[in-house]
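Biologist: I have not seen this structure before. Please take me through its pockets and its ligand.

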Amino acid sequence: MHKDFYKTGRERLIAQLRSAGISDERVLGAIATIPREKFVPDAIKSRAYEDTALPIGNHQTISQPYTVAFMTSALNIKPGDSVLEIGTGSGYQAATLIMLGAKVFTVERHWELYNSAKKTLDELGLSAQSRFGDGTIGWSEFAPYDAIIVTAGAPELPQSLLLQLAIGGRMIIPVGDERSQTLKYVVRKDDREFDAFDMQEFRFVPLIGKEGWTVG
Ligand code: SAH
């Protein structure tokens, strides 16, 4: 595929995101520079700039660009923020956070995806700490986090993640059944107090693990 093909696609995508209500210029700027084609399998690279989720193997998907833009805007990432992502998948969401200057810690439970995302980020010179394992219990070693983003649908708020938020830290996580989830925005007010409110409905693949859905 000629590189102008992707450039045109990226420009069209940015226009679509704007008309869908995304207005955070930093987030749009990040999406305008990340080559999404590098995060999808060869066979579907030509579709990289469609505003849709796409299959990445292991029955998982790279999130729809609108969803990435919406969640990233909501988190209001500042340079230097330490951010934990649960569900690395392709690595695209992690790349978006890195472009905004975040220190990114990302966890994935599928070995192949963990490996290929790490490789993709490395090749693009984007640096993240990656871990293979169950992210529903967080990553306590580097806690607390200024922000936590969960990119798979949970049955309820995982306690471990709440407790790994810094005071004033925010978490965005889809919660619901397997068909549809409400995006919840949680802010840690102090040791024990959390504010939570509902944003819009989305559809994610399930969050599977100790504090998520059980496999099966
Ligand atoms: N953020 C990704 C979206 C991937 S889809 C991207 O930008 O491409 C969600 C991912 O969450 C899948 O790869 C899935 O394997 C992973 N996942 C589900 N449950 C998980 C868990 N408990 N810990 C870590 N990753 C998990």
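Biologist: Which helix gives the largest share of the lining of the second largest pocket?

Modeller: This is a predicted model, with residues numbered from 1 along each chain as its sequence is written. Local features need pLDDT of at least 70 and side-chain atom pairs pLDDT 80 or more, totals for chains, interfaces and linings use all residues, and side-chain values use heavy atoms, without hydrogens and water. A pocket is an open set of points on a 1 Å grid over the protein atoms alone where a 1.4 Å probe fits, with protein on both sides within 12 Å along at least five of seven lines; lining residues have an atom within 4 Å of a point. Six residues of this lining come from one helix (a DSSP run of H or I, at least four residues; strands are E, at least two), residues 111–123, which is α5.

Biologist: How much space lies in the second largest pocket?

Modeller: A volume here is the space filled by probe spheres set on the grid points, which are joined across faces, edges and corners. For the second largest pocket it is about 210 Å³.

Biologist: Which residues are closest to the centre of the second largest pocket?

Modeller: Its lining has 13 residues. They divide into six nonpolar, four polar (Gly counts here) and three charged (Asp, Glu, Lys and Arg). Closest to the centre are K38, F39, V40, S116 and T120.

Biologist: How much space lies in the largest pocket, and what takes it?

Modeller: The ligand sits there, in the sense that more than half of its atoms lie within 2 Å of the grid points. The space is about 490 Å³, and what takes it is the ligand.

Biologist: Which strand gives the most to the shell around the ligand?

Modeller: The ligand is surrounded by 27 residues (a heavy atom within 4 Å), and the closest are S90, E108, D134, G135 and I208. By class, 10 are nonpolar, 13 polar and four charged. With three residues, the strand that gives the most is β2.

Biologist: What share of the ligand's exposed area does the protein bury?

Modeller: Nitrogen atoms of the ligand make polar contacts (N or O atoms within 3.5 Å) with the backbone: 2.9 Å to G87, 3.3 Å to R109 and 2.6 Å to I208. Taken alone, the ligand exposes 580 Å² (Shrake-Rupley method, 1.4 Å probe). Of that, the protein buries 99%.

Key
Polar contact = N/O pair within 3.5 Å; in protein donor to acceptor, adjacent residues only side chain to side chain.
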